[in-house]
There are 2 protein chains.
Amino acid sequence: MVGLRGVLTDTEARMIFRQLFDSTSGTYSYLLASRHGGEALIIDPVLERVDRWLQLVRELDLRLVKAVDTHLHADHVTGLGELRDRTRCITVMGEHSRADVVSMRVAEGDRIEIEGLRLDVLYTPGHTDDSYSFLLADRVFTGDTLLIRGTGRTDFQNGDPRAQYDSIFNKLMKLPDETLVYPAHDYKGETVSTIGEDKFFNPRIKVGCGSQICLSRRGRHRGLEERRRTARALRAWGSSSSSTGISRDPLGSIDAGKSVQIPIQIA
Amino acid sequence: MVGLRGVLTDTEARMIFRQLFDSTSGTYSYLLASRHGGEALIIDPVLERVDRWLQLVRELDLRLVKAVDTHLHADHVTGLGELRDRTRCITVMGEHSRADVVSMRVAEGDRIEIEGLRLDVLYTPGHTDDSYSFLLADRVFTGDTLLIRGTGRTDFQNGDPRAQYDSIFNKLMKLPDETLVYPAHDYKGETVSTIGEDKFFNPRIKVGCGSQICLSRRGRHRGLEERRRTARALRAWGSSSSSTGISRDPLGSIDAGKSVQIPIQIA
């Protein structure tokens with residue numbers, strides 16, 4: 001497995017990249033810039049952390065020009081409005097968003113650009129119908145669509161397990177294996193994964209040898225020695241109508257009763 | 001400020017680097033390897049996280065050959081012994097360590113090597129007398145000696161504020177400004193800093209314009225606009241004899257009564 005970093009541009013290799021964690025909601029936010037003194041972009045800022053974000057922007061001698069949410073967050077209040085009011089930055093979400101705070105709406109195939117950096121927009125619904133992922137060279141910001149060894153719940157905010165399946169297998173899993181995965185949440189102390197790892201070891205995503213690819217809602221972590229075994233049909237996401245409450249854990253309340261198994265060929 | 005990454009070797013740019021967080025003790029641990037299928041090294045593993053570490057080592061198709069502690073941790077039990085027993089890896093600490101679990105003791109100037117990667121050993125006492133830092137190309141693992149916008153307490157385990165001063169200013173702060181700082185702890189959701197940032201914005205480390213450099217045990221975060229002001233005498237670390245208990249926060253119980261101010265020229 002060869003890393004993409006070897007083919008990064010000089011700017012990408014030197015970019016400023018900061019991952020911050022809000023322990024109250026288990027949320028990761030991200031600050032990106034191509035250089036000190038230049039433009040910056042923030043992904044999934046948490047309202048209660050806005051002061052620290054702005055302090056860090058000042059300390060790094062940056063100018064915040066865009067603030068982006070991957071989707072409407074149910075487990076914390078977004079910092080987009082506060083950041084906009086305090087910096088006049090552009091607030092960005094996908095075109096499916098119904099949030100008033102948004103000043104720029106993007107669609108699949110669009111680009112979100114700041115000085116020296118570019119995010120490619122992927123529409124990845126399933127956790128919610130306004131879920132987008134953003135690809136930056138060697139890394140992808142997956143919101144709650146794809147978590148580290150997990151996936152977002154699909155039982156509220158117009159969630160849809162079949163859309164989730166399509167987003168994960170026909171978009172995210174088509175990215176190069178070495179692509180770094182930076183999600184909006186983690187509850188177990190992981191900070192990053194790769195597409196290749198989660199293709200094999202995400203207990204909700206089972207990739208067998210050959211053409212059989214399955215989704216599993218519950219599963220065990222598996223060791224490398226199990227890779228070669230054909231992963232057969234396992235339970236898939238269910239769309240629960242029994243829980244409409246907001247859970248701190250996006251994995252928390254998915255109904256175990258329903259399943260989907262769809263064979264797909266991944267190159 | 002130009003990033004070091006532009007001058008990294010191909011191996012360093014492609015290396016596997018994982019930061020894991022133990023929320024119980026607020027500890028960061030690190031997994032390093034130069035390639036999938038190769039040798040790996042772990043820094044500051046927490047006993048309760050050993051299962052996950054070994055699982056990740058298997059998932060990434062690695063072979064753990066060395067486990068390293070920056071110092072004797074008072075806030076959690078080290079995973080070195082458990083990792084040694086389960087993988088036969090070499091356990092590494094500095095020569096000042098009195099821990100029985102250590103099978104390889106290193107000194108200032110030594111190198112800790114695994115396939116394709118090299119850690120340069122820096123003796124950085126002050127938090128404890130067995131505190132070491134490890135330099136890997138563009139990043140340094142500072143244990144509790146230098147934290148993000150903080151420094152480790154110096155009031156137990158043979159801590160010494162003057163040694164801490166010397167370690168920080170005459171060793172760590174001599175590294176290039178763009179060197180990434182990966183500490184053993186954070187309690188506020190930060191994951192990484194740089195030497196340059198903490199030189200200016202660490203409230204316990206004040207660097208003025210010109211030759212005056214001061215240490216502050218307590219202080220406010222400062223914005224970029226304040227950089228140009230001369231930072232004058234501020235209180236420095238105190239060595240408290242009143243508290244010998246173990247605090248979850250290494251910043252927690254430093255005595256405010258004593259101070260040190262030492263002018264130093266940093267190039």
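How many residues lie between strand 7 and strand 8 of chain A, and which residue in the turn has a positive phi? In this predicted model, the two strands form a hairpin with two residues between them. Gly116(A), in the turn, has a positive phi of about 85°. Strand 7 (residues 111-114) and strand 8 (residues 117-123) of chain A pair in the antiparallel sense, and four bridges connect them. One of the paired positions is Ile114(A), whose bridge partner in strand 8 of chain A is Leu117(A).

In a regular strand, side chains alternate between the two faces of the sheet. Such alternation is found along strand 7 of chain A. Ile112(A) and Ile114(A) point to one face and are buried, while Arg111(A) and Glu113(A) point to the other face and are not buried.

In chain B, six strands make up an open sheet with mixed pairing, in the order 1-2-3-4-5-6. Strand 1 and strand 6 (104-106) of chain B are the edge strands, each pairing on one side only. From one strand to the next, the twist averages 25°. Strand 6 of chain B runs parallel to strand 5 (residues 90-94) of chain B and is joined to it by three bridges. Within this pairing, Met93(B) has Arg105(B) of strand 6 as its bridge partner. Helix 3 of chain B lies across strand 3, strand 4 and strand 5 of the chain B sheet, and runs at about 155° to strand 4.

Helix 2 (residues 50-59) of chain B is mostly covered, with eight of its 10 residues buried. The buried residues are Val50(B), Arg52(B), Trp53(B), Leu54(B), Gln55(B), Leu56(B), Val57(B) and Glu59(B). Within chain B, these buried residues pack against strand 1 (16-22), strand 2 (27-33), strand 3 (39-43), strand 4 (63-68) and helix 3 (80-87). They also pack against helix 5 (195-201) of chain A. Just after helix 2 of chain B, Asp61(B) takes a positive phi of about 60°.

The second largest pocket has a volume of about 380 Å³. Its lining consists of 24 residues, and strand 1 (16-22) of chain A and strand 1 of chain B each supply at least two of them. The lining residues nearest the centre of the pocket are Phe21(A), Ser23(A), Phe21(B), Asp22(B) and Ser23(B). By class, the lining comprises 11 charged, seven polar and six nonpolar residues.

Methods:
Residues numbered from 1 in each chain as written. Chains lettered and ligands numbered in written order. Predicted model: local features only at pLDDT ≥ 70, side-chain atom pairs only at ≥ 80, totals over all residues. Heavy atoms only, no water. Buried < 20%, exposed > 50% of the residue type's maximum accessible area, 1.4 Å probe, protein only. Contact = heavy atoms within 4.5 Å. 1 Å grid on protein atoms, 1.4 Å probe; cavity = no way out; pocket = protein on both sides within 12 Å on 5 of 7 lines; lining within 4 Å. Points joined across faces, edges and corners; volume = space filled by probe spheres on them. Nonpolar A, V, L, I, M, F, W, Y, C, P; charged D, E, K, R; others polar. Pairing = 2+ DSSP bridges. Axes fitted to C-alpha atoms, helices over the stretch in contact; angles between N-to-C directions.
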